[in-house]
Each structure stands twice: as C-alpha cells, then as structure tokens.
Amino acid sequence: MSKQRTINLRRKQRSRTRLRKLANGRPRLSVFRSSKHIYAQVIDDISGTTLASASSKEANFSGDKGSNAEAASIIGNLVAERAVKAGVKEVIFDRGGYIYHGRVKALAEGARNGGLQF
C-alpha cells in the first residue's frame, strides 16, 4: 500500500472515531467523492443499515456531470429528501477524511437545504 493511501486511511479513521463519540445515536451522513462522481449515504451505525443514499451515477440524476459542486449540491438535496422520507431529521456529517471545501461543502449545504440538521 502506498504511503499516501495509508495517510488517507488514517485521516478517515481518525475523523470517524471522533464522530462516533459525538453521535449520540444519530445516523451519519457519509460522503465519498471520486474524480468523476460523488456519493452520499445516511447510515445507522447501531443496526448497520443504510437508511437513504444518492449518487451522481443514478439513472434519474438530473445534473450534467457528477464531478462539480453544482452536482454535489443536487445530490445533497436528494439524499436529504430521501432521509426525511425515511424519518431521519438529524444526522452527523462524516466527510470521510476529505477537506470541508468544494464538492464536500456543496453536498453538505444541499443536505441542509433539503431539511437535514447537523
């Protein structure tokens, strides 16, 4: 495994460990971004199930591309609508070791606009 990959995994684990201490039973909104797409899931860690999810690879995705901040905002709004429909209003935001900037920030703001609180 490369050194950079090891550093990224450690950052992700460190971030997630802090989140689990603060969660208080709230589900987490987990973000994964690749170079072409962005994915979001609302996960209940207690039962180990995914309550809602959305990605820019879905067939009904209305954006042009999945790799820009506008698409991330749409995905954030979409996952928030699905989570509210599943009965989730409060989540804890898991940025997955990524810097809170650009697409990750746009997804978080889209989720807030969609009705989630964190």
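**View A. F118 counts as partly exposed at 30% relative accessibility in this predicted model.** F93, by contrast, counts as buried at 13% relative accessibility, the cut-off for that class being under 20%. Together with Y100, these two phenylalanines, F93 and F118, make up one aromatic cluster. Which residues form this cluster can be checked in the close-up by locating the rings of F93, Y100 and F118.

**View B. Aromatic pairs of the model, of which there are 3 in the structure.** One of them joins F32 and Y39, whose ring centres are 5.7 Å apart and whose planes meet at 40°, an arrangement classed as tilted. That class follows because 40° is neither under 30 degrees, as stacking requires, nor over 60, as an edge-to-face pair requires. F32 is partly exposed, with a relative accessible area of 44%, and Y39 also falls in the partly exposed class, at 25% relative accessibility. The pair of F93 and F118 is stacked, since the ring centres lie 5.3 Å apart and the planes are at 10°. Because F93 belongs to strand β4 (residues 92-94) while F118 sits in the segment after α3 (103-114), this stacked pair ties together parts that are 25 residues apart in sequence.

**View C. The backbone at N24, a residue other than glycine with a positive phi value, near 55°.** N24 is found in the loop that runs between α1 (3-22) and β1 (28-33). The side chain and backbone of this residue may be viewed together with its accessibility: N24 is exposed, having a relative accessible area of 72%, where exposure requires over 50%.

**View D. The largest nonpolar core, which has 24 residues.** The residues with the most contacts inside this core are L29, V42, I75, V79, F93, L107 and L116. Two or more residues each come from β1, β2 (38-44), β3 (49-55), α2 (69-85) and α3, and α2 gives the most, with 6 residues. As general background, nonpolar side chains in soluble globular proteins tend to be buried together. A closer look at L107, with its neighbours within four places in sequence left aside, finds this leucine in contact with L29, V31, I38, A40, A72, S73, I75, G76 and F93.

**View E. Salt bridges that meet at D94, within a structure whose count comes to 4 salt bridges.** One of these is formed by D94 and R16, with the closest N and O atoms 2.9 Å apart. D94 lies in strand β4 and R16 in helix α1, so this pair ties together parts that are 78 residues apart in sequence. The relative accessible area is 0% for D94, which is buried, and 12% for R16, which is buried as well. The side chains of D94 and R28 also meet in a salt bridge, at 2.8 Å from N to O. This second pair links distant parts of the chain, with R28 in strand β1 and D94 in strand β4, 66 residues apart. Both R28 and D94 are buried.

**View F. The salt bridge between E58 and R82, with the closest N and O atoms 2.9 Å apart.** Here the link runs between the loop that separates β3 from α2, which holds E58, and helix α2, which holds R82; the partners are 24 residues apart. E58 counts as partly exposed at 22% relative accessibility, and R82 is likewise partly exposed, with a relative accessible area of 27%. Elsewhere in the model, salt bridges that share partners join R16, R28, D45 and D94 into one network.

**View G. The largest pocket, with a volume of about 320 Å³.** Of the 15 residues that line this pocket, the closest to its centre are N8, K12, F32, G96 and Y98. Both α1 and β1 supply at least two residues of the lining, and α1 gives the most to the lining, with 6 residues. F32, one of the lining residues closest to the centre of the pocket, is also a partner in the tilted aromatic pair with Y39.

Terms used:
Residues are numbered from 1 along each chain as its sequence is written. This is a predicted model: local features need pLDDT of at least 70, side-chain atom pairs count only at pLDDT 80 or more; totals for chains, interfaces and linings use all residues. Side-chain values use heavy atoms; hydrogens and water are left out. Rings of Phe, Tyr and Trp (its six-membered ring) pair if their centres lie within 6.5 Å; planes under 30 degrees apart count as stacked, over 60 as edge-to-face and the rest as tilted. Buried means under 20% relative accessible area, exposed over 50%, partly exposed in between (1.4 Å probe, protein chains only). Helices (H or I, at least four residues) and strands (E, at least two) are DSSP runs, numbered from the N terminus. A nonpolar core is a set of buried Ala, Val, Leu, Ile, Met, Phe, Trp, Tyr and Cys residues joined through side-chain atoms within 4.5 Å. Contact means heavy atoms within 4.5 Å. On a 1 Å grid over the protein atoms alone, a cavity is a set of points where a 1.4 Å probe fits but cannot get out, and a pocket is an open set with protein on both sides within 12 Å along at least five of seven lines; lining residues have an atom within 4 Å of a point. Grid points are joined across faces, edges and corners, and a volume is the space filled by probe spheres set on the points.
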